[in-house]
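Reader: Please take me through the helix packing, the aromatic pairs and a few individual residues of this protein.

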Amino acid sequence: MLTSSHPLKQVFHCPEESDFYSHCLESLVLNASDESRSLVEFGSGEGSPVIKSLLRSDFDGTIQGFELNNVAWKIAQSQIKQYELSQQYTVHNCSFFDSPLYHSADCVISNPPYLPAADDKIYQPLLHGGTDGSTIAKKLLSLDCEQVLLMVSSYSNPVGLVDYALERGYSVANFEMAPLTFGYYSSEQKVKSTIANLRKQGMAFYSENIYLLAGVLFQKQQKSQRDLSIELIQLLTAL
């Protein structure tokens with residue numbers, strides 16, 4: 001079973017979010033092309049989103065993942081072996097940005113850290129996404145890979161992130177969206193107060209009960225047949 005019994009402060013655990021990331025990966029990337037492709041993943045965690053996607057799809061390419069959390073990496077190794085996916089999915093216990101693999105990849109995929117806070121002294125430091133939550137996502141877009149699949153939160157300066165993508169020459173080729181409730185990590189007081197301040201600045205959008213999470217496929221404009229950035233922003237800022 002693809003679950004984690006480790007403490008929430010040790011390994012990221014949010015089944016709803018992980019399942020949605022897995023669904024977006026499957027529908028927007030793995031099943032969107034008949035070609036054998038090479039993907040690289042930033043922040044693989046314990047590997048369950050990708051594993052679930054591979055088990056459900058006919059994707060015959062390879063995915064190289066990177067995870068700094070040693071506990072999560074060990075779980076990923078165990079689960080990849082359990083489900084006999086070693087030929088397709090490899091997770092490295094080192095920094096994504098220190099590897100040259102993304103230079104030759106067809107697509108970068110990630111559910112990047114998007115918790116906004118003044119610093120990374122939060123429950124899980126590796127979930128810190130900078131002061132507005134979009135720092136890591138922007139860094140991944142700055143790599144200029146032809147396609148980038150990112151999970152984008154409505155409370156982490158989504159307008160600024162999409163604008164940055166457009167400036168880098170990307171279009172929003174496709175997206176899917178889901179409502180999520182605030183969980184263990186986003187309800188930490190330090191994070192919660194930062195989100196409230198971002199809302200006052202027009203950089204966070206949410207209701208008392210939910211925020212929105214979008215799986216967004218960014219594609220270089222010369223390769224994309226359409227741009228859904230306006231529609232994406234309208235939905236992410238609707239709350």
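The questions and answers below concern a predicted model.

Reader: How are helix α1 and helix α2 arranged: roughly parallel, roughly antiparallel, roughly perpendicular or oblique?

Author: Helix α1 covers residues 15–30 and helix α2 covers residues 48–56; their axes lie 8 Å apart and form an angle of about 45 degrees. Angles under 35 degrees count as roughly parallel, and those from 65 to 115 as roughly perpendicular. An angle of about 45 degrees therefore makes α1, relative to α2, oblique.

Reader: What is the handedness of the crossing of α1 and α2, left-handed or right-handed?

Author: On the α1 side, the contact involves Ser-18, Asp-19, Tyr-21, Ser-22, His-23, Leu-25, Glu-26 and Leu-30. On the α2 side, Pro-49, Val-50, Lys-52, Ser-53, Leu-54 and Arg-56 take part. The crossing in which α1 passes α2 is right-handed.

Reader: How many nonpolar residues are in the contact of α1 with α2?

Author: The residues of this contact fall into three classes, with four polar and four charged among them. Tyr-21, Leu-25 and Leu-30 of α1 are in the contact, as are Pro-49, Val-50 and Leu-54 of α2, and Tyr, Leu, Pro and Val count as nonpolar. The number of nonpolar residues is six.

Reader: Which orientation does α5 have relative to α7?

Author: Helix α5 (residues 158–167) and helix α7 (residues 229–236) have axes that come within 10 Å and cross at roughly 170 degrees. Angles over 145 degrees belong to one class, so α5 is, relative to α7, roughly antiparallel.

Reader: Which residues of α7 make the contact with α5, and how many residues of the contact are nonpolar?

Author: From α5, the contact includes Pro-158, Val-159, Val-162, Asp-163 and Leu-166. From α7, the participants are Ser-229, Leu-232, Ile-233 and Leu-236. By class there are one polar residue, one charged residue and, as nonpolar residues, seven.

Reader: What kind of aromatic pair do Phe-96 and Phe-97 form?

Author: A search of the whole structure gives 14 aromatic pairs. In the pair of Phe-96 and Phe-97, the centres are 5.2 Å apart and the planes are at 80 degrees. Phe-96 is buried, at 3% relative accessible area, and ring pairs join Phe-96 and Phe-97 with Phe-42, Phe-66 and Tyr-102 in a cluster. Planes over 60 degrees apart set the class, so the pair of Phe-96 and Phe-97 is edge-to-face.

Reader: Which residue of the pair Phe-182 and Tyr-211 is buried?

Author: The ring centres of Phe-182 and Tyr-211 are 5.2 Å apart with planes at 50 degrees, so the pair is tilted. Phe-182 is in the loop between β6 (170–180) and α6 (189–200), whereas Tyr-211 is in strand β7, 29 residues apart. Phe-182 has a relative accessible area of 25% and is partly exposed. With a relative accessible area of 3%, the buried residue is Tyr-211.

Reader: Is Leu-39 buried or exposed?

Author: Leu-39 lies in strand β1 (residues 38–42). Beyond residues up to four places away in sequence, Leu-39 touches Val-29, Leu-30, Phe-59, Thr-62, Ile-63, Gln-64 and Cys-107. Its relative accessibility is 0%, so Leu-39 counts as buried.

Reader: What distance separates the C-alpha atoms of Val-71 and Gly-45?

Author: Val-71 lies in helix α3 (residues 70–82), and its relative accessibility of 25% makes it partly exposed. Val-71 and Gly-45 are 26 residues apart along the chain, and their C-alpha atoms are separated by 8.9 Å.

Methods: Residues are numbered from 1 along each chain as its sequence is written. This is a predicted model: local features need pLDDT of at least 70, side-chain atom pairs count only at pLDDT 80 or more; totals for chains, interfaces and linings use all residues. Side-chain values use heavy atoms; hydrogens and water are left out. Axes are lines fitted to C-alpha atoms, for helices over the stretch in contact, and angles run from 0 to 180 degrees between N-to-C directions. Helices (H or I, at least four residues) and strands (E, at least two) are DSSP runs, numbered from the N terminus. A crossing is left-handed if the near helix is turned anticlockwise from the far one by less than a right angle, and right-handed if clockwise. Contact means heavy atoms within 4.5 Å. Rings of Phe, Tyr and Trp (its six-membered ring) pair if their centres lie within 6.5 Å; planes under 30 degrees apart count as stacked, over 60 as edge-to-face and the rest as tilted. Buried means under 20% relative accessible area, exposed over 50%, partly exposed in between (1.4 Å probe, protein chains only).
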